[in-house]
Each structure stands twice: as C-alpha cells, then as structure tokens.
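This report describes the overall make-up of one protein, then one of its helices, and finally some backbone angles that merit inspection.

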Amino acid sequence: MSDWKALIREDEQAVLARDPAAKSAMEVKLCYPGLKALKTHRRANALYQKGHVLLARILSQRARHRTGIEIHPGAQIGRRVFIDHGDGVVIGETTIIGDDVTIYQGVTLGGTGKDVGKRHPTIGNNVTIGAGAKVLGPIVIGNNVKIGAGSIVLKNVPDNCTVVGNPGRIVAKKTPQPSDGVDLDQVNLPDPMLDRMEALVKRLSVLESCLAKHAKRLGCNECIEEADSASPCGERCSEGCHGCTLEEQMNQTQEEE
C-alpha cells in the first residue's frame with residue numbers, strides 16, 4: 001500500500017512539472033481527471049493482480065464514467081505518467097507503459113481485433129503521445145519516442161524517433177532530448193513527405209534551367225517563353241537558379257489568387 005501511495009505522489013509531481021497551467025498540488029489533486037484515473041487504476045490493478053477481477057473492472061468503469069478515461073485494470077503503468085486532459089483516452093488490458101510517459105487526449109493504446117495473448121502495445125520510457133494518436137497491436141514503442149498528434153502507429157518504433165502521419169512514418173529526431181528527459185513539443189515535428197517534395201521541386205527547377213539554356217543556344221524563343229511561364233518561381237528562374245522552396249511557391253500561388 002505504501003508503494004501505491006508513493007506512485008500517486010510521483011504522478012502528482014509529474015503533473016506539476018509538465019503542465020504550466022498547474023499552479024498548486026491541491027489544484028492537481030482536485031481538478032485533473034488524468035490523475036484521478038491513474039489513482040483509481042493503481043488500486044484496480046492491485047486488485048486485478050490478486051485475482052479480484054470483477055471488483056477491479058467495477059472500479060475502472062466507475063473511473064471511466066467520472067473522467068472519460070478508460071484504463072483496463074490489467075494494464076501495467078509505470079512511474080510519473082501524465083495523462084493531460086485525458087478525455088477519450090483508452091488503454092487496453094495487456095498494455096505496458098514505461099516511466100515518464102505523457103499521454104494527451106483522445107489517445108488509444110489498443111488492439112487490432114485479431115491478436116490473442118499480448119494484444120496491446122508496449123510503450124518505453126520518456127515517450128510523448130500526441131492528441132488523437134492511435135497505437136494499435138502488440139507492437140513496441142522504444143524509449144524517447146515522440147508520436148505526433150493524429151498519427152496511427154501499427155509497427156514497432158525504435159528508440160529516439162518521431163512518428164508522424166497516417167499510417168505512421170518513422171523519422172529520426174532532429175533535436176536533442178531535453179535535459180529534463182521530457183519532450184512535450186507537439187509542433188516542431190519533422191515531415192518526411194514535405195522534405196521529399198521540396199527536394200523533387202528543386203531537382204525539377206534545375207532540370208528546367210538546363211533545358212532553358214539549351215533552348216537559348218538553339219535559338220528557340222518559343223521554348224524559352226514556355227519554360228519561363230511554366231517555371232515555379234516565374235521570372236526569377238534564370239540561369240543559375242536552383243528553384244524555390246515548396247513553401248515559397250505556395251505563398252506565391254496564394255498571392256496570385
């Protein structure tokens with residue numbers, strides 16, 4: 001029982017450390033549904049481990065009605081876990097969550113419906129799971145992983161990676177881990193598809209520049225005019241131009257409209 005109380009105290013301190021809106025320990029205890037759901041889960045899990053399955057399920061369902069957060073009593077949750085806001089969070093029976101994990105609203109740690117035994121994900125330490133993300137199946141999410149908001153993750157994720165998109169695409173982290181070990185940034189995430197598109201636009205711009213040079217040598221004025229009009233950055237694309245970024249082209253298109 002003393003260990004259970006120590007876990008609750010650590011959960012309270014995790015809220016104060018990670019949420020700038022939290023002003024006092026009393027506010028955290030009274031006003032944070034994520035903390036209430038975790039507190040009930042700690043009790044329910046202890047009962048579940050002792051074989052009191054029905055009583056554990058009753059406790060978990062009462063917590064779901066009170067907080068909007070459904071945690072199966074069989075789930076194993078580590079230390080200093082922070083469920084922010086929490087409405088719509090679902091954590092399945094065989095889920096394993098490590099230490100210092102942050103979970104935002106609408107997250108599902110669920111199964112795919114076709115697995116038996118270990119049906120739910122295993123989440124490592126220092127993981128941040130963005131709002132609305134879905135992590136499905138008996139997959140393993142490594143340490144220091146960040147899952148972007150709205151991502152759907154169906155495959156294992158190695159340590160120190162970021163996952164974005166639907167289906168989730170794994171990309172290497174571009175920024176070092178913060179000194180406190182908790183990375184709560186949900187905005188500055190890499191976008192591999194945008195990077196590839198910008199690289200493709202840059203290559204096309206170089207090719208168009210080369211073709212324009214050859215057309216000029218051949219004296220084909222009509223080809224030169226067509227190349228200039230089709231160029232992504234208009235009159236600025238002359239000899240030596242390496243193209244605009246995709247963002248610049250989109251801004252120019254909006255200005256023209």
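The expected span of a helix is 1.5 Å times one less than its number of residues. In this predicted model, helix 3 covers residues 33-49 and holds 17 residues. From its first C-alpha to its last, helix 3 reaches 24 Å, close to the 24 Å expected at 1.5 Å a residue.

**Helix 3 and its end**

The buried residues of helix 3 include Gly34, Leu35, Ala37, Leu38 and Ala44. Polar and charged names also appear in that buried set, among them Thr40, His41, Arg42 and Asn45. Tyr48 is likewise one of the buried residues of helix 3. Glycine 51, which follows helix 3, has a positive phi near 95 degrees.

**Overall composition and confidence**

The protein contains seven helices and 15 strands. Of its 257 residues, 39% are buried. The accessible surface comes to about 14,500 Å², and carbon and sulfur atoms account for 54% of that surface. Among contacts between residues at least 6 apart in sequence, 38% join residues at least 24 apart.

The mean pLDDT of the protein is 81, and 76% of its residues reach 70 or more. Over residues 233-243, pLDDT stays under 50. The model has 20 contacts beyond four places in sequence for residues 233-243. Where pLDDT is low, the predicted coordinates should not be read in detail.

**Backbone angles in three loops**

Most residues other than glycine have a negative phi, and most peptide bonds are trans. Which angles in the loops between strands depart from this pattern? The table lists them.

| Residue or bond | Angle |
|---|---|
| Arginine 80 | phi near 55 degrees |
| Aspartate 100 | phi about 60 degrees |
| Asparagine 166 to proline 167 | omega about 0 degrees |

Arginine 80 is placed in the loop between strand 2 (76-77) and strand 3 (82-83). Aspartate 100 lies in the loop between strand 5 (96-97) and strand 6 (102-103). Both phi values are positive in residues that are not glycine.

Is each of these two side chains' residues buried or exposed, or in between? A residue counts as buried under 20% relative accessible area. Aspartate 100 is therefore buried, at 18% relative accessibility, whereas arginine 80, with a relative accessible area of 27%, is partly exposed.

The peptide bond joining asparagine 166 and proline 167 is cis. Proline 167 belongs to the loop between strand 14 (161-164) and strand 15 (169-172).

Note on methods. Residues are numbered from 1 along each chain as its sequence is written. This is a predicted model: local features need pLDDT of at least 70, side-chain atom pairs count only at pLDDT 80 or more; totals for chains, interfaces and linings use all residues. Side-chain values use heavy atoms; hydrogens and water are left out. pLDDT is the predictor's confidence in each residue, from 0 to 100. Contact means heavy atoms within 4.5 Å. Helices (H or I, at least four residues) and strands (E, at least two) are DSSP runs, numbered from the N terminus. Buried means under 20% relative accessible area, exposed over 50%, partly exposed in between (1.4 Å probe, protein chains only). Accessible areas come from the Shrake-Rupley method with a 1.4 Å probe; for residues, only the protein chains shown count as cover.
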